Every structure is written in C-alpha cells, then in structure tokens.
Amino acid sequence: MNLADTLSADLGATLNPFAAFQLLTGVETLSLRVQRHCDNALALARHLEKHPKVSWVLYPGLESHPSHERAKKLLRPNTFGGVLSFGVKGDATVGSLVVDKLKLASHLANVGDAKTLVIHPATTTHQQLTAGEQIASGVTPDLIRVSVGIEDIRDIIADFDHALNLAIPKL
C-alpha cells in the first residue's frame, strides 16, 4: 500500500483543489450572506405584517413576536434568522394558491438557500396528518413558511405582493 492509500484510509477523502477553493470562498463570505438573509427576513416580515391579505406573521425580529425581547437578549443585534411564517386570510386552498403564484421564490421544503424558498405545510410536508394532528403540530391551514433568500428585497416583496393579490383578489 502506498502513502496516498494509507493516508486516504486513515484520514478519509480529500477535496480537490477547486472544491477546496469554493469551500473557503463560501466560508469567507458566510457572515455577509447570513446578514443579508436576516435583513431580508426582517424587511419581509415587517411588510407582511402590514399587508391586508395577511392575518398574522411570526418572526422573532418583530416586536409583536411573543419571544422578541428574549431574542434581542440571546441573538446578535439585528440577526433574528432567515425563516419566517405567516398566515394568509383564507384556508388551505388559498395558502397553497399563494405559493403556486410566486415566481421568484421556489416551492421547496429546504431552508438556508441563497434563494427564497417557500412551502405550504398543510398541503405538502404535513398533508398525511389529520386536521387535528396538523393543528397539534403547529400547522394551520393558512400557514406559509418562508426561508428568505439574499435576492434584492424589493424583488422578494414584489413577488409576495403579486402572489397574494392573485390568490386573494378581494377581501
């Protein structure tokens, strides 16, 4: 057995040079991307909180969040995370339709991507549960979960406004 095989067996596989370069570049810019996620999530949450077709918004950066004061103590200033939830004024059909009408945001169950991801849990990840089980797990029919990306916040807000106006034309 040669030295390379011995080291590989003992230490595991190594990255190729380009993959190592990409990994280091990603680590070096991580703080910038995380701050952009947080800034965008707070801006979107504030916008949705005032939207007439949204019944509630849950994001620890909002003063209306029940754990806002605790989040301010425990988290870095202005870094409340990149994920928020909100409820549309309507049922599961309306919530699902809002997600379907989004163009910029991708309909995925992941979180933490550079692009904005959105999901309607009642008709996707939790659809196998009964209505009672969904409610017990915190999934209401109107709930939409958003992992806010690093796109220009004006584009994100415009996408949500457009989808909400198409899915809920009149109140």
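**A mostly covered strand and its surroundings**

Strand 5 is mostly tucked away, with 4 of its 5 residues buried. This comes from a predicted model, and the strand, made up of residues 143-147, is a handy place to start on the sheet.

The sheet itself is open and has 5 strands, laid out in the order 1-2-5-4-3 with mixed pairing. At its edges stand strand 1 (54-58) and strand 3 (106-107); each has a single partner strand, so one side of each is left without a neighbour in the sheet. Strand 5, by contrast, sits between strand 2 and strand 4 in the order. On one side, strand 2 (residues 83-88) runs antiparallel to strand 5, and 5 bridges join the two. Within that pairing, Phe-86 stands opposite Ile-144 of strand 5. On the other side, strand 4 (residues 117-119) also pairs with strand 5 in the antiparallel sense, here over 3 bridges. Leu-117 has Ser-147 of strand 5 as its bridge partner. As a general reminder, strands of a sheet pair through backbone hydrogen bonds, in either a parallel or an antiparallel way.

Moving on to the loop between strand 1 and helix 4, this is where His-65 is found. Is His-65 buried or exposed? With a relative accessibility of 16%, His-65 counts as buried, because the cut-off for that label is under 20%. Leaving aside neighbours within four places in sequence, His-65 is in contact with Leu-58, Tyr-59 and Pro-60.

Glu-49 belongs to helix 3, which covers residues 30-50. Which residues does Glu-49 touch, not counting those up to four places away in sequence? They are Val-57, Leu-62 and Ser-64. With Ser-64 there is also a polar contact between the side chains, at 2.5 Å. Glu-49 still counts as partly exposed, its relative accessibility being 38%. A look back along the chain gives a sense of distance: Phe-18 is 31 residues from Glu-49 in sequence, and the two C-alpha atoms lie 44 Å apart in space.

As for charged pairs, how many salt bridges does a search of the whole structure find? The search turns up 2. One of them links Lys-72 to Glu-69, with the closest N and O atoms 3.5 Å apart. Both residues belong to helix 4 (residues 68-74), and because they are 3 residues apart there, about one helical turn separates them. Lys-72 is partly exposed, at a relative accessible area of 46%. The other salt bridge is formed by Asp-152 and Arg-154, whose closest N and O atoms are 2.7 Å apart. The two partners fall into separate exposure classes: Asp-152 is partly exposed, with a relative accessible area of 26%, whereas Arg-154 counts as exposed, at 63% relative accessibility.

Finally, there is a nonpolar patch on the surface. Leu-15, Leu-23 and Val-27 make up this patch, which comes to about 300 Å². Leu-23 is found in helix 2, spanning residues 17-28. At 49% relative accessibility, Leu-23 counts as partly exposed, because the exposed label needs over 50%.

Definitions and conventions: Residues numbered from 1 in each chain as written. Predicted model: local features only at pLDDT ≥ 70, side-chain atom pairs only at ≥ 80, totals over all residues. Heavy atoms only, no water. Pairing = 2+ DSSP bridges. Buried < 20%, exposed > 50% of the residue type's maximum accessible area, 1.4 Å probe, protein only. Contact = heavy atoms within 4.5 Å. Polar contact = N/O pair within 3.5 Å; in protein donor to acceptor, adjacent residues only side chain to side chain. Patch = residues over 30% accessible without salt bridge, like charges linked within 9 Å, V, L, I, M, F, W, Y side chains within 5 Å. Areas by Shrake-Rupley, 256 points an atom, 1.4 Å probe, with all protein chains shown as cover. Salt bridge = Lys/Arg side-chain N within 4 Å of Asp/Glu carboxyl O.
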